[in-house]
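Biologist: Could you take me slowly through one part of this model, the largest pocket, and say what lines it?

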Amino acid sequence: MIRTEELLLNVGPQHPSTHGVFRIIVKLDGEIITDAIPVMGYLHRGTEKLAESLNYTQIIPYTDRMDYVSAMTNNYVLVHAVEKMMEIEVPERAEFLRLIVMELQRVASHLVWWGTYLLDIGAMSPFLYAFRDREIIVDLFNELCGARLTYNYMRVGGVKWDAPSGWLEKVRDFIPYMRKRLDEYDRLVSGNEIFLARIKGIGQYDQETAIAYGLSGANLRSTGVDWDLRKAEPYSLYPRFEFDVPLGTRGDCYDRYLIRIQEMKESLRILEQAVEQFPSTGETMGKVPRAIRPPEGEIYARIESPRGEIGCYIVSRGKAEPYRLKFRRPSFVNLQILPKLLIGETMTNLITILGGVDIVVGEVDC
């Protein structure tokens with residue numbers, strides 16, 4: 001029998017998807033993890049408390065920074081909640097623009113995940129390819145709203161401004177280009193024997209566990225639970241479009257990998273339909289009062305972000321600033337299952353599991 005001593009190891013502060021500020025303390029018995037304690041707060045900005053002293057338009061830039069690789073969807077959940085409270089009708093052209101940028105953002109977000117995940121488990125080329133293709137989307141966003149990462153594009157009642165001339169044609173050209181690249185990704189990685197050995201059967205859990213931990217997004221759907229808010233609780237223009245919700249069966253890191261690849265393909269499918277149906281004329285802002293003051297009451301609105309359910313809970317006292325504001329951030333909730341997944345695993349599998357859960361530190365700590 002080999003005699004071992006318990007070792008306390010700090011992993012971080014870092015995280016495979018952001019290389020930033022997430023720390024996890026692991027206890028080791030040899031190579032086996034016996035305990036795992038996530039440590040948060042390194043990037044805490046007090047977003048929800050700051051919102052109490054800001055009007056609703058001023059809050060929008062703060063949502064950009066909660067998830068800095070999926071800012072458009074964060075913009076949307078806030079304005080969507082306010083619009084529901086005030087019963088504001090959003091012009092069709094504005095809603096089309098919103099949906100197009102949200103689906104482009106989903107593809108861009110998954111590309112960051114795909115590239116950094118493969119890099120952290122030992123493959124260099126996928127990272128370069130992913131960021132090459134993501135750059136096209138970033139350029140499209142830059143042309144649309146003048147920013148590359150934090151966009152501040154959505155407004156209560158519509159969008160900041162219309163798409164420039166020729167922008168929609170560039171989106172149309174991007175769709176077949178990205179389809180070919182995703183096929184290349186599959187040939188390069190998805191069947192690679194070394195990759196499969198690193199990821200298959202790792203970080204596995206069942207439907208009951210996923211639901212008990214409040215998981216959403218690919219983390220939930222990898223167990224076979226058919227839950228995507230774009231279909232389960234339709235919002236925006238999603239009911240108009242045909243698309244499928246990719247599901248897994250094993251609930252492991254490999255299923256979550258396959259789901260995210262397939263989600264990018266489904267986003268391209270939605271984009272193709274949206275570009276074809278895009279109205280030739282129309283307004284980009286609805287009728288919104290100069291001072292946005294939702295009626296007294298409360299509301300919870302939720303949408304499907306690249307990482308799962310993101311929600312916005314607002315308590316209004318009829319003033320220009322929210323009385324209380326709370327975001328339900330998918331990464332923060334998905335994080336809770338990490339200790340369960342890591343205990344009993346080897347250190348070799350720690351990075352595989354962390355990246356498979358797809359946590360964005362901005363959402364965890366904001």
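Modeller: What follows is a close look at the largest pocket, with a short stop at one buried residue afterwards. The model is predicted, so local features need pLDDT of at least 70 and side-chain atom pairs count only at pLDDT 80 or more, while totals for chains, interfaces and linings use all residues. Residues are numbered from 1 along each chain as its sequence is written, and side-chain values use heavy atoms, with hydrogens and water left out.

The largest pocket holds about 190 Å³ of space; a pocket here is an open set of points on a 1 Å grid over the protein atoms alone, where a 1.4 Å probe fits and protein lies on both sides within 12 Å along at least five of seven lines, and lining residues have an atom within 4 Å of a point. Its lining is made up of Leu118, Ile121, Gly122, Ala123, Pro126, Leu188, Val189, Asn192, Ile194, Phe195 and Arg198. Two or more of these residues come from each of α6 (167–190) and α7 (193–199), helices being DSSP runs of H or I with at least four residues, numbered from the N terminus. With three residues, α7 gives the largest share of the lining. By kind, the lining has eight nonpolar residues, two polar and one charged, where Ala, Val, Leu, Ile, Met, Phe, Trp, Tyr, Cys and Pro count as nonpolar, Asp, Glu, Lys and Arg as charged, and the others, Gly among them, as polar.

As for the buried residue, Asn334 lies in helix α12 (residues 330–334), and it counts as buried because its relative accessibility is 1%, the cut-off for buried being under 20% relative accessible area with a 1.4 Å probe, protein chains only.

Definitions and conventions
Grid points are joined across faces, edges and corners, and a volume is the space filled by probe spheres set on the points. Buried means under 20% relative accessible area, exposed over 50%, partly exposed in between (1.4 Å probe, protein chains only).
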